Amino acid sequence: MKSTSYNFDTLAVHIDQEHNAEKGAVVIPITLSTTFEKKYPNIHEGFEYARTNNPTRQKLEKSVADLEKGKWGLAFSSGSATLSTICQLFETGDHILVIDDVYGGTHRYFSQVLVKSGIQFNFSDMMHAETFEKEIRPSTKMVWIEIPTNPLLKICPLTEIIEVSKKHQLLVVVDNTFMSPYNLNPLTLGADIVVHSATKYLNGHSDVVMGLAIGNDLGIYERLKFLQNASGMTPSPFDCYLLMRGIKTLSIRIKAHNENAIRVAEFLEKHPNVERVIYPGLPSHPQHSRAIQLFEKGYGGIISFFIRGDLSKTIEFFQNLSLIVLASSLGGVESLCNHPAFLTHSAVPQDIRLKMGITDNLVRLSVGIEHIDDIINDLKQALDRISTQTSAQ
Ligand SMILES: *Cc1c(COP(=O)(O)O)cnc(C)c1O
């Protein structure tokens, strides 16, 4: 299994298939050894120490690079560790532009951790390439993009933002966690680095925390590979194995997420207790035509919606759910509901959160791969049972 000309579905299934020369095992072994025997005169050849490199991790990194149509991949102990390692490429005085509606932990890292290093950053709306270009300073070095954003699912003009960034020699990083490599490959649009919180769709079973960076430029690879080892935020071989196991079903999982989510979004949009639904696959999405162009296979499994009424109605909705679990992650086979204002984005100060549009009645739903009728029935009963108030709302 060496050819990268296979279709995505095939590449994903055969992620770890490299027949073990010695034993003929079909699944790659988990190598737990922290150190590897060296032999003179070639003591710098091969594996050395598990933080620096490990056979199980190396196989995962190569395979994920193929799925993202990149030349190299590097695995980190979490999506957040991937972010912080990439930021170590920069120095005091450098400036970074970050899309404004980012994952809560990314927002927290930039505003509460990176800021102490003297590296400057600004949040940018990035919805128009011309206004974005005006925000670029002589010291700007990197642009950090999420598409769609989290949790408001805004879709920036990705191709134009990349074009403008390249004109100014910025490093373009795209967090592709939400779409997964099945629905979008930002490297093919000119991005320099694609990052994933592999904790989400890539693994898909809510039992591994991991991050990945993928790219084409070998200079960037060398610098990140050095930092991966020097900063030491590497995943365990066992988690690398689990991730490869999860990725084998990535194609059929994402197909199911895509198919279920559009139907759930259409259902929610018609329900009287739902004020508004945001889903890139709905014609009502403000950047729907952009979504059609960018996402050829589907619009992903994440839906955001607003419950009609005050906070108590939203809490009632969560309490009424019986199949769908209230929990802060996403991208697993099970449907999960999140209350961004109090879970994933609780680290964002309230005034900023409200300005971002993350109100108390916002629900982010990660649509799982359960039977569509069961998902819709659970949402329906939870919405139907929200008590009606006699007082004006
Ligand atoms: C979860 C998430 C992260 C952070 O990843 P961890 O693996 O939790 O550290 C980053 N970006 C996005 C879009 C996420 O959903």
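A residue counts as near the ligand if one of its heavy atoms lies within 4 Å of it. The model described here is predicted.

**The ligand site**

By that rule, the residues around the ligand are Ser78, Gly79, Ser80, Tyr103, Asp175, Thr177, Phe178, Ser197, Thr199, Lys200, Met210 and Leu330. This shell is mixed. Four of its residues are nonpolar, six are polar and two are charged. The space that the ligand takes is the second largest pocket.

**Polar contacts**

Gly79, Ser197 and Lys200 each place a polar atom by an oxygen atom of the ligand, as the table shows.

| Residue | Part of the residue | Distance to a ligand oxygen atom |
|---|---|---|
| Gly79 | polar backbone atom | 2.9 Å |
| Ser197 | polar side-chain atom | 2.9 Å |
| Lys200 | N or O atom in the side chain | 2.7 Å |

Gly79 uses its backbone here. Ser197 uses its side chain, and so does Lys200. How much of the ligand's accessible area does the protein cover? On its own, the ligand has 380 Å² of accessible area, and the protein covers 91% of that.

**Salt bridges**

Charged side chains also pair up within the protein. The count comes to nine salt bridges. One of them joins the side chains of Asp9 and Lys255, with an N to O distance of 2.9 Å. This pair qualifies because a salt bridge needs a side-chain nitrogen of Lys or Arg within 4 Å of a carboxyl oxygen of Asp or Glu.

Where do the two partners, Asp9 and Lys255, sit? Asp9 is in helix 1, residues 8–13. Lys255 is in helix 10, residues 250–270. The two are 246 residues apart, so the pair links distant parts of the chain.

Conventions
Residues numbered from 1 in each chain as written. Predicted model: local features only at pLDDT ≥ 70, side-chain atom pairs only at ≥ 80, totals over all residues. Heavy atoms only, no water. Polar contact = N/O pair within 3.5 Å; in protein donor to acceptor, adjacent residues only side chain to side chain. Areas by Shrake-Rupley, 256 points an atom, 1.4 Å probe, with all protein chains shown as cover. 1 Å grid on protein atoms, 1.4 Å probe; cavity = no way out; pocket = protein on both sides within 12 Å on 5 of 7 lines; lining within 4 Å. Sits in = over half its atoms within 2 Å of the grid points. Nonpolar A, V, L, I, M, F, W, Y, C, P; charged D, E, K, R; others polar. Helix = DSSP H or I, 4+ residues; strand = E, 2+ residues; numbered from the N terminus.
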